[in-house]
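Q: I would like to learn how to read a structure like this one, feature by feature. Could we start with a sheet and work outwards from there?

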Amino acid sequence: MSDAPRQTPAPAASRAGMKKELPERFRSYKHVWVFIEYEHGHIHPVSLELLGEGRKLADKLQVDLAGVLIGGDAAELAEAAQVCFEHGADIAYRVADPVLTHYRNEPYTKALTDLVNTYQPEIVLLGATTLGRDLAGSVATTLLTGLTADCTELAIDDERSLAATRPTFGGSLLCTIHTLNFRPQMATIRPRVMAMPLASPGRTGRIVDHALDMTEIDIITKVLQFIPDRDTQKAQLAYADVVVAGGLGLKSAENFQLVKDLAAVLGAEYGGSRPLVQKGWITADRQIGQTGKTIRPKLYIAAGISGAIQHRVGVEGADMIVAINTDAKAPIFDFAQIGIVANAVELLPVLTAAFRRRLSVHRLAS
Amino acid sequence: MHTVVCIKQVPDSAQIRVHPVHNTIMRQGVPTIINPYDLFALEAALALRDKLGGSVTVLCMGPPMAEDSLRKALTFGADRAVLLTDRYFAGSDTLATSFALSSAIARIGETFGPVDIVFTGKQTIDGDTAQVGPGIAKRLDLNQLTYVSRITDLDTETRQITVERRAEGGVQVLKTALPVLVTMLEGTNEIRRGSLADALRAARAEVTIWNAADAGITELLKCGLRGSPTVVKKVFAPTARADKAALIETDGKNGAQIADALIAAILDRNPALDADLRRLSAGF
Ligand SMILES: Cc1cc2nc3c(=O)[nH]c(=O)nc-3n(C[C@H](O)[C@H](O)[C@H](O)COP(=O)(O)OP(=O)(O)OC[C@H]3O[C@@H](n4cnc5c(N)ncnc54)[C@H](O)[C@@H]3O)c2cc1C
Ligand SMILES: Cc1cc2nc3c(=O)[nH]c(=O)nc-3n(C[C@H](O)[C@H](O)[C@H](O)COP(=O)(O)OP(=O)(O)OC[C@H]3O[C@@H](n4cnc5c(N)ncnc54)[C@H](O)[C@@H]3O)c2cc1C
């Protein structure tokens, strides 16, 4: 209901027609910022993608592009700053303090909020990752400004406002959102949507240091442990690059082994549609779809899955969907990029063998 | 242990249609459900209550008909339900939503006893911003635990809670102090069926209905459209992909040839996958 008027044409139109009247206190807000997700010695790729996109926005606005680096070690962050400069940043704001070694909401929220209040950017972009969304929601609420979630397209309109476009209703709708009368304009952006910019080796910039002004005693939440995914046997569907899944079309639990075999050869994760969980062919953590996992792999192979809407919303973010189904009219062929009308029980083992041949040839060659 | 579970009533996504001319969302006649992600939060709260005692309050901000969703939550075993409904809330973005919900949670604490944990789902299936949870945490100054897959320990004496939290590339084990806000990850539990006794109780139960004033909200400028910094300028349907899936020709080919043709088609579309597959198949 809270968003009900957004759906009826009249109020939505009157709101959409609202003029920008930026209050005096926000007029000094300038420049585009990208929060750089730096953890365990690595910059998350989405941060570099955002520097590429942020560069375009900054050029259009004729302002600077800055990367915000928050972490435990100043020297490490200086190296990360250099990577940011090479990917388009003019400035790197650095908050280095031992309490920032691991991501925690409280000190990171303080660091980013303080930076914004001190240096007053007009746009702040973060990756729509678990970290970026955890942080952005807190920072925007502290600043009492607007935050657009999980965007897939950014632009600057004629009034110098950020027009942020995002899918909603699981991708069946798109909407363009503005933050008219508040600054900064904040948005989280979906990973792997913006192109990775080319690095310009040797490009330099300026590091600006800022103190956190907080000690470990001030922080209630403690990080006891970090368990990297590679150390666990659990399904990592949401983060897998390649996923192979099966549906009821496989006919039996025994045949589901064919999905696992292909996944094993590809180094992929495997999963399935909801009925397979209900039948006990797979565990609940491998269910893909609206009430299971949302996946965003580079390649998704679906065998014997009809492509019901609740399944579709969980897989639509895949870069490429390959569907194997006996029914040429199955809905999955409406959103798959590559389809094959075939009996999956027969095709899967042959496909597994073909991939194995191909990949082992490569391995011998390299 | 008193927990509040925030649930949103959402349209069943399967049935959502966009008006072909106005490009607006057509909700008339669309069945509504409890946001599926919120059931994981509700089950986590019910399980804690069963183990540690106390009560579970479900809270929903929505139109009067959202009472249905709250009643449904009662059939699963929630102890009481609060519906926050007022025309002042119409058009809320996440900042205004978290303002209204956090005010109501504060009032729930005053009315029904102090709140130890506020649960929300990871996100909704309609707005799907995942921003309301962090917004509530900040406004109520609760320690924030998002994307929680498991509560591993909860010590009611020391009021310390330990959870596993989904992070990028791994799981973070966090320990913090109550009161907290937890956003539950999907697929972490399965909602119970609810007993017959709960169903009978739910049918008779009173849902507490609060307007803005009842929830102690006096700053109406922070509510609804006026309290929302974001403005939806445009809603539109994605350009339908005219092209259906490119079908691999199978006629006159044997299995191996079909498989090779499929692999060729995949790599033709995205040549960079070749390197990815080699890396992954080698176990990296
Ligand atoms: C609230 C709600 C939430 C839901 N959440 C989810 C969810 O998260 N995930 C999910 O997946 N579903 C979910 N569902 C269920 C969903 O609506 C579908 O029922 C389900 O996805 C169908 O699974 P399926 O494609 O495996 O089976 P079916 O729809 O039965 O499809 C089987 C397909 O296999 C094909 N086939 C048959 N034999 C062969 C063969 N030999 N080789 C190749 N193909 C063959 C058939 O042509 C058919 O297309 C949800 C439903 C509801 C109401
Ligand atoms: C097309 C569209 C796009 C939108 N995009 C944005 C945007 O980018 N930024 C923005 O600020 N607003 C946006 N909104 C507005 C937003 O949907 C509403 O503010 C909504 O009230 C809450 O946000 P959500 O549905 O995203 O909830 P989420 O933040 O995804 O919900 C997280 C959890 O909070 C709880 N919760 C959420 N709403 C309620 C409720 N009403 N009652 C009880 N518990 C609740 C649930 O436990 C839920 O699982 C958009 C709305 C529409 C229609």
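A: Gladly. This is a predicted model, and a good place to begin is one residue pair: A:Ile91 stands opposite A:Arg206 in β12(A).

Q: Which strand is joined to β12(A), how many bridges join them, and do they run parallel or antiparallel?
A: The general idea is that strands of a sheet pair through backbone hydrogen bonds, either parallel or antiparallel. Here strand β5 (residues 91-96) of chain A is joined to β12(A) by four bridges, and the two run parallel.

Q: What is the order of the strands in the open sheet of seven strands?
A: Read across, the order is β7-β11-β6-β1-β4-β5-β12 in chain A, with parallel pairing. The edges are β7 (147-151) and β12 (206-209) of chain A, each of which pairs on one side only. On average, neighbouring strands of this sheet are turned by 25° against each other, direction ignored.

Q: Which strands does helix α4 of chain A touch as it packs on the sheet?
A: Helix α4 (residues 105-119) of chain A touches β1 (32-36), β4 (65-71), β5, β6 (123-127) and β12 of chain A, and its direction makes about 150° with that of β4(A). Helix α5 (residues 130-143) of chain A packs on the sheet as well, touching β1, β6, β7 and β11 (185-189) of chain A. The direction of helix α5 makes about 165° with that of β11(A).

Q: What is the order of the open sheet of six strands?
A: Look at the chain letters as you read this one: β15(A)-β14(A)-β16(A)-β17(A)-β18(A)-β15(B), with parallel pairing. Its edge strands are β15 (269-272) of chain A and β15 of chain B, each pairing on one side only. Helix α6 (residues 253-266) of chain A lies across β14 (242-246), β15 and β16 (299-303) of chain A, running at about 170° to β14(A).

Q: How many bridges join β18 of chain A to β15 of chain B?
A: Two bridges join strand β18 (residues 338-341) of chain A to strand β15 (residues 246-247) of chain B, and these strands run parallel. To find the place on screen, look for A:Ile338, which stands opposite B:Ala246 in β15(B).

Q: How many residues does each chain bring to the contact between chain B and chain A?
A: Chain B brings 94 residues and chain A brings 97 residues. Between them the chains bury about 9000 Å², 60% of it on carbon and sulfur atoms. In chain B, the residues that lose the most area to chain A are B:Glu168, B:Val231 and B:Lys233, together 9% of what that side buries.

Q: How many salt bridges are found across the interface of chain B and chain A?
A: The general idea is that side chains of opposite charge can pair when their charged atoms come close. There are seven salt bridges across this interface, and 34 over all chains. One case is B:Asp128 with A:Arg166, whose closest N and O atoms are 2.8 Å apart. Another is A:Arg357 with B:Asp260, where the closest N and O atoms are 3.8 Å apart. A:Arg357 lies in helix α10 (residues 344-365) of chain A and B:Asp260 in helix α6 of chain B, so this pair joins two chains.

Q: How many residue pairs are in polar contact across the interface of chain B and chain A?
A: There are 28 such pairs, counting those with both residues at pLDDT 80 or more. On the side of chain B that touches chain A, helix α6 (residues 255-269) of chain B gives the most, with eleven residues. The residues of that side divide into 45 nonpolar, 26 polar and 23 charged.

Q: Where does the backbone deserve a second look?
A: Most residues other than glycine have a negative phi, and most peptide bonds are trans. In this model a cis peptide bond joins A:Arg183 and A:Pro184, with omega about -5°, and A:Pro184 lies in the loop between β10 (173-179) and β11 of chain A. The bond from B:Leu178 to B:Pro179 is cis, with omega near -5°; B:Pro179 lies in the loop between β11 (170-177) and β12 (180-184) of chain B. For phi, look at A:Arg160, which is not a glycine but has a positive value of about 65°. A:Arg160 is found in the loop between β8 (153-156) and β9 (162-168) of chain A.

Terms used
Residues are numbered from 1 along each chain as its sequence is written. Chains are lettered from A and ligands numbered from 1 in the order in which they are written. This is a predicted model: local features need pLDDT of at least 70, side-chain atom pairs count only at pLDDT 80 or more; totals for chains, interfaces and linings use all residues. Side-chain values use heavy atoms; hydrogens and water are left out. Contact means heavy atoms within 4.5 Å. Buried area is the accessible area (1.4 Å probe) that two parts lose on being put together, summed over both. A salt bridge is a side-chain nitrogen of Lys or Arg within 4 Å of a carboxyl oxygen of Asp or Glu. A polar contact is a pair of N or O atoms within 3.5 Å; within protein, one must be able to donate a hydrogen and the other to accept it, and residues adjacent in sequence count only if both atoms are side-chain atoms. Ala, Val, Leu, Ile, Met, Phe, Trp, Tyr, Cys and Pro count as nonpolar, Asp, Glu, Lys and Arg as charged, and the others, Gly among them, as polar. Two strands pair if DSSP finds at least two bridges between them. Axes are lines fitted to C-alpha atoms, for helices over the stretch in contact, and angles run from 0 to 180 degrees between N-to-C directions.
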